[in-house]
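Please walk through this structure one element at a time. The account below keeps to helices, aromatic rings, a pocket and a buried serine.

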Amino acid sequence: MTSATPPPRLPLRARGRRRLRSLAALSKTRYWLLTRAIWLALAFFLVFAIDAVLIGWSTAYEVMIGIKSPAEVPAPVASWAVSLIGWLMIPAFVGGTAGYLVTRQIDARRTQSEADVAQALRRQARPSSSRRKGTR
């Protein structure tokens with residue numbers, strides 16, 4: 001009986017390619033979070049960190065949530081970027097994610113196809129012959 005030797009380890013580039021291809025097997029939510037949302041979050045944290053270094057962490061947080069005006073701080077240009085991110089991008093990101101998750105849950109619980117529902121609605125909208133006889 002011979003001892004089996006393990007196969008040689010794949011090069012780093014091949015392992016990375018294999019990992020990227022395997023992302024497609026994830027659910028849409030996880031795929032989006034790992035491929036797109038991570039870059040948005042990193043960009044936001046980079047802008048926030050730059051502003052926080054310039055004006056202070058607590059002041060940057062207050063500008064982001066709207067307690068302080070970006071015009072009232074020592075570095076207004078970076079603060080305007082943080083303010084816009086806090087007022088526009090974060091609610092859009094959270095709302096979009098929540099909307100997608102709610103839609104996914106609704107679709108998972110839907111028992112009838114859209115065609116069946118449309119056909120049933122058309123049947124209900126057509127007057128039946130028995131209703132027409134009684135209305136005269």
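**A buried serine, a bent helix and a pocket**

Setting aside neighbours within four places in sequence, Ser83 is in contact with Val63 and Pro70. The model is a predicted one. Ser83 belongs to helix α4. Is Ser83 buried or exposed? Its relative accessibility is 10%, under the 20% limit, so Ser83 counts as buried.

Helix α4 spans residues 76–109, and it is one of two helices, the other being α3 (57–65), against which the buried residues of α2 pack. Those buried residues of α2 are Thr29, Thr35, Ala37, Phe44, Phe48, Asp51, Ala52 and Ile55.

Helix α2 itself covers residues 28–55, which makes 28 residues. From its first C-alpha to its last it reaches 38 Å, close to the 40 Å expected at 1.5 Å a residue. Where does α2 bend? The bend is at Ala37 and amounts to about 45 degrees. Ala37 is also among the buried residues of α2. After α2 comes Gly56, which has a positive phi near 105 degrees.

The aromatic residues come next. How many aromatic pairs does the structure hold? There are four. One of them joins Phe48 and Trp57 at 6.0 Å centre to centre, with 55 degrees between the planes, and it is tilted. The angle is 55 degrees, and a pair counts as stacked under 30 degrees and as edge-to-face over 60, so this pair falls in the remaining class, tilted.

The two partners can also be described by their accessibility. Phe48 has a relative accessible area of 13% and is buried, whereas Trp57, at 51% relative accessibility, counts as exposed. The limit for exposed is over 50%, so Trp57 meets it with its 51%. Ring pairs also link Phe48 and Trp57 with Phe44 and Phe45 into a cluster.

Phe44, a member of that cluster, is also found in the lining of the largest pocket. The other lining residues are Leu40, Ala41, Ile85, Met89, Ile90, Phe93 and Val94. The volume of this pocket is about 160 Å³. Which helix gives the largest share of the lining? That share, five residues, comes from α4. Both α2 and α4 supply at least two residues each. Helices α2 and α4 thus meet twice in this account: the buried residues of α2 pack against α4, and the two helices each contribute to the lining of the largest pocket.

Note on methods
Residues numbered from 1 in each chain as written. Predicted model: local features only at pLDDT ≥ 70, side-chain atom pairs only at ≥ 80, totals over all residues. Heavy atoms only, no water. Phe/Tyr/Trp six-rings, centres within 6.5 Å; stacked < 30°, edge-to-face > 60°. Buried < 20%, exposed > 50% of the residue type's maximum accessible area, 1.4 Å probe, protein only. Helix = DSSP H or I, 4+ residues; strand = E, 2+ residues; numbered from the N terminus. Expected span 1.5 Å × (residues − 1). Bend = angle between axes of the 7 residues up to and from the residue. Contact = heavy atoms within 4.5 Å. 1 Å grid on protein atoms, 1.4 Å probe; cavity = no way out; pocket = protein on both sides within 12 Å on 5 of 7 lines; lining within 4 Å. Points joined across faces, edges and corners; volume = space filled by probe spheres on them.
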